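User: I am new to reading models of this kind, and I would like to learn how to look at a strand and at its contacts. Could you guide me through one case?

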Amino acid sequence: MQASQSRYGTTADGHAVTEFRLEGARGIRVHLIDHGATVTAVMVPDRSGKVANVCLGYDSLAGWEQNPSFFGCIVGRVANRIRNGRFTLDGTTYELARNTGEHHLHGGNKGFNKYVWKSKLIRAADRATVRFSHVSPDGDEGYPGTLTAVAEYSLTDAGELSFEYWATTKKATPVNLTNHAYWNLAGAGSGTILGQEIELDCPFYLPVDGGLMPTGEILRTAGTPFDFSQFKAIGRDIGAVKGGYDHCFVLGKRAEELGLVGTARDPVSGRAMEVRTTMPGVQLYTGNFLDGSTFPQHAAFCLETQWFPDSVNIGHFPPVILRPGQTYHHRTVHRFL
């Protein structure tokens, strides 16, 4: 493994930002910055050895500071949406920012992606890791409790990029952390991902209303446009899904701790990526809101492993509440094939 770090720049409010570069034996390179614990590039060779960056992003720190599409960054304290920016916990109602229509998205106006995290490079014989940490104070963006979050991003010689998260709290609070990388296996800027193929081990999905909020139903994917039980081009059925895919899929039963989410592949370049997670859900998002200013609509897809959206308000969804004395833990592994 090769790993290095260097000064990346200074934010508008005066915080120094560090860049990390990790490279494994297979020629896969990962670039990270501690602003938003962000993946800025993932360089992967194709079947002929040609290397391309398969993650969307920006060329400057100014772009990462704005980053309205959440390219490559950590999102939290609660990823995804909370209906009406409100939830009740232990008899107290908490009001959050309504930063996507009437609802709350990805932690609010200044979520975890807007902070420079403490960072440390850790080298080992077969892997390199960057450990990021951040303390979110009580009341931050309306959330209760002081939360301490740690995220470790690792690259192995075997070509595995893993995201692992831990969190503890001083007071009961919802927690749902994930990374928001945008993938285009043909290479960032190469066009849309509609011809790329995905297979998901997800027999169920969560339907949504017009505001992209889950209705509370859990429906089977079989025989619907949400059926990715076999490899299927992302664009094959996307026209039958209003606005495109922006839905949480429910993983199948798994005997192992790190369960299969699925595999994505680009038939042209031959690049493929398998994803596994300890989480019960994955948000498939097909870049529906990309407006062409940086990248065109459907220029990438996201596979955001997580608890279900709006779980804090839907009692039969898996619980997202972390309490004092407990430790939140989530691990997701991307293996480039």
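Analyst: What follows is a short walk through one strand, its partners and some salt bridges, and it should be kept in mind that this is a predicted model.

User: Which residues of strand β21 are buried on one side, and which on the other?

Analyst: In a regular strand the side chains alternate between the two faces of the sheet. In β21, Asp 246, Cys 248 and Val 250 lie on one side while His 247 and Phe 249 lie on the other, and all of these are buried. Because five of the five residues of β21 are buried, the strand is largely enclosed by the rest of the structure.

User: In which sense do β18 and β21 pair, parallel or antiparallel?

Analyst: Strand β18 (residues 204-205) pairs with β21 in the antiparallel sense over two bridges, and Phe 204 has Val 250 as its bridge partner in β21. Strand β24 (residues 281-285) also runs antiparallel to β21, joined by five bridges, and here Val 250 is partnered with Gly 281.

User: Which residue forms a salt bridge with Asp 246?

Analyst: Asp 246 forms a salt bridge with Arg 81, with the closest N and O atoms 3.3 Å apart. Arg 81 lies in strand β7 and Asp 246 in β21, so the pair ties together parts that are 165 residues apart in sequence. Buried means under 20% relative accessible area, and Arg 81 has 7%, while Asp 246 has 5%.

User: How many salt bridges does a search of the whole structure find?

Analyst: The search finds 14, and one of the others joins the side chains of Glu 164 and Arg 331 at 3.8 Å, N to O.

Technical notes: Residues are numbered from 1 along each chain as its sequence is written. This is a predicted model: local features need pLDDT of at least 70, side-chain atom pairs count only at pLDDT 80 or more; totals for chains, interfaces and linings use all residues. Side-chain values use heavy atoms; hydrogens and water are left out. Buried means under 20% relative accessible area, exposed over 50%, partly exposed in between (1.4 Å probe, protein chains only). Helices (H or I, at least four residues) and strands (E, at least two) are DSSP runs, numbered from the N terminus. Two strands pair if DSSP finds at least two bridges between them. A salt bridge is a side-chain nitrogen of Lys or Arg within 4 Å of a carboxyl oxygen of Asp or Glu.
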